[in-house]
Amino acid sequence: VTHSIPACIGSMTINGKQLDNESPVSIFAVNKCYVTVQDGTFFDGSGFAALVREGYKVRSDVNITLEFRTTAVHGVLLGVSSAKVDAIGLEIVNGKVLFHVNNGAGRITATYEPRGTNSLCDGKWHKLQANKSKHRIALIIDGNLVQTDNPYVQSTSADTNNPIYVGGYPADVKQNCLTSKSSFHGCLRNLVLTKGQQAELFEFSRAFDLRGVFPHSCPGAEH
């Protein structure tokens, strides 16, 4: 076995002596245990998860669905970019959700603006769907649809070749369709990217780079 156990361990004794896990000699990628937990992945606001090391190709069509829970009004949700300008990005800025797409001709954005600034950042689960179909983009939050006009109708393919960054991205990585550098603080679950009939559920525990991300459980309430 080469990977860590996704669990809480407490009250460990060796030869009758209880180990002091409050002040370890060294510690790596160990978070506190929570009294109540939910399924999902906890992002502590300092890092990101990197998926698909060989690069994800968005091209003409992609449908992204995920659920998020946060009390922060800023945070990167997802970005896939390229060495050129082609990219897609999902982010929370001032309590609004923005879906950006650049097929090479220019960035277009669908913005979901809730009634109250904090109504999406209320610590409850919200469902997000972002759809790119050639030059058309749509964003659906909790069943509410936002669409936007795209003046660049001839440009239909986002030729991306970089990893999918979720919850943030490294300082040395360029993201052409994200305006925020703030890492997401909160929980994400059920990230699915669908192309045509092929849906792929992304497990954060299989990310090739995880920083400040705890894949297997979310604290039941904000701590």
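Ring pairs link F43, F184 and F204 into a cluster, and this trio is a good place to start a tour of the structure. Keep in mind along the way that the model is predicted.

## Aromatic pairs

How many aromatic pairs are there? The count comes to four. One of them joins F43 and F184, whose ring centres lie 5.9 Å from each other with 75° between the planes, an edge-to-face arrangement. The two partners come from distant parts of the chain: F43 belongs to strand 4 (residues 41-51), while F184 sits in the loop between strand 13 (164-166) and strand 14, 141 residues away.

Are these two rings buried or exposed? F43 has a relative accessible area of 1%, which makes it buried. F184 is buried too, with a relative accessible area of 1%.

Another pair brings F48 and Y165 together. Their ring centres are 5.8 Å apart and their planes stand at 75°, so this pair is edge-to-face. Since F48 lies in strand 4 and Y165 in strand 13, the contact ties together parts separated by 117 residues in sequence. F48 is buried at a relative accessible area of 3%, and Y165 also counts as buried, at 9%.

A ring can also have a charged partner. R189 lies over the face of W125, at 3.8 Å from the ring centre.

## The annotated domain

What does the record say about this chain? An unreviewed UniProt entry lists residues 38-218 as "domain: Laminin G". Over that stretch the model is 51% strand and 0% helix. The C-alpha atoms at the two ends of the stretch are 5 Å apart.

## The second largest pocket

Now for some open space. The second largest pocket holds about 210 Å³. It is lined by 14 residues, and those closest to its centre are G40, T41, N190, E203 and P215. Which element gives the largest share of this lining? That is strand 14 (residues 185-195), with four residues. By type, the lining divides into six nonpolar, five polar and three charged residues.

## A few residues up close

The table below gathers some residues with their places in the chain and their relative accessible areas.

| Residue | Place | Relative accessible area | Class |
|---|---|---|---|
| G89 | strand 7 | 1% | buried |
| F202 | loop between strand 15 (198-201) and strand 16 (209-214) | 8% | buried |
| K96 | strand 8 | 28% | partly exposed |
| N94 | loop between strand 7 (87-93) and strand 8 (96-102) | 46% | partly exposed |
| P151 | loop between strand 12 (144-148) and strand 13 | 62% | exposed |

Why does P151 count as exposed while F202 counts as buried? Exposed means over 50% relative accessible area and buried means under 20%. P151 reaches 62%, so it is exposed, and F202, at 8%, is therefore buried.

Separations along the chain and in space can be set side by side for these residues. G89 and V101 are 12 residues apart along the chain, and their C-alpha atoms are separated by 6.6 Å. For K96 and N144, the gap is 48 residues in sequence and 13 Å in space, C-alpha to C-alpha. P151 and S60 are 91 residues apart along the chain, with 16 Å between their C-alpha atoms. F202 and G95 are 107 residues apart along the chain, and their C-alpha atoms are separated by 25 Å.

## Backbone turns to look for

Two loop residues are worth a look for their backbone angles. V52, in the loop between strand 4 and strand 5 (61-70), has a positive phi of about 60° although it is not a glycine. N94, found in the loop between strand 7 and strand 8, also has a positive phi, of about 50°, without being a glycine.

## Looking back

Strand 4 is a handy landmark for a second visit. F43 in this strand pairs with F184, and F48 in strand 4 pairs with Y165 in strand 13. From strand 4 you can also move on to V52, which lies in the loop between strand 4 and strand 5. Strand 14 is another landmark, with its four residues in the lining of the second largest pocket.

Conventions:
Residues numbered from 1 in each chain as written. Predicted model: local features only at pLDDT ≥ 70, side-chain atom pairs only at ≥ 80, totals over all residues. Heavy atoms only, no water. 1 Å grid on protein atoms, 1.4 Å probe; cavity = no way out; pocket = protein on both sides within 12 Å on 5 of 7 lines; lining within 4 Å. Points joined across faces, edges and corners; volume = space filled by probe spheres on them. Nonpolar A, V, L, I, M, F, W, Y, C, P; charged D, E, K, R; others polar. Phe/Tyr/Trp six-rings, centres within 6.5 Å; stacked < 30°, edge-to-face > 60°. Buried < 20%, exposed > 50% of the residue type's maximum accessible area, 1.4 Å probe, protein only. Lys NZ or Arg CZ within 6 Å of the ring centre and 35° of its normal. UniProt positions renumbered as here; feature names shortened; annotations may be inferred.
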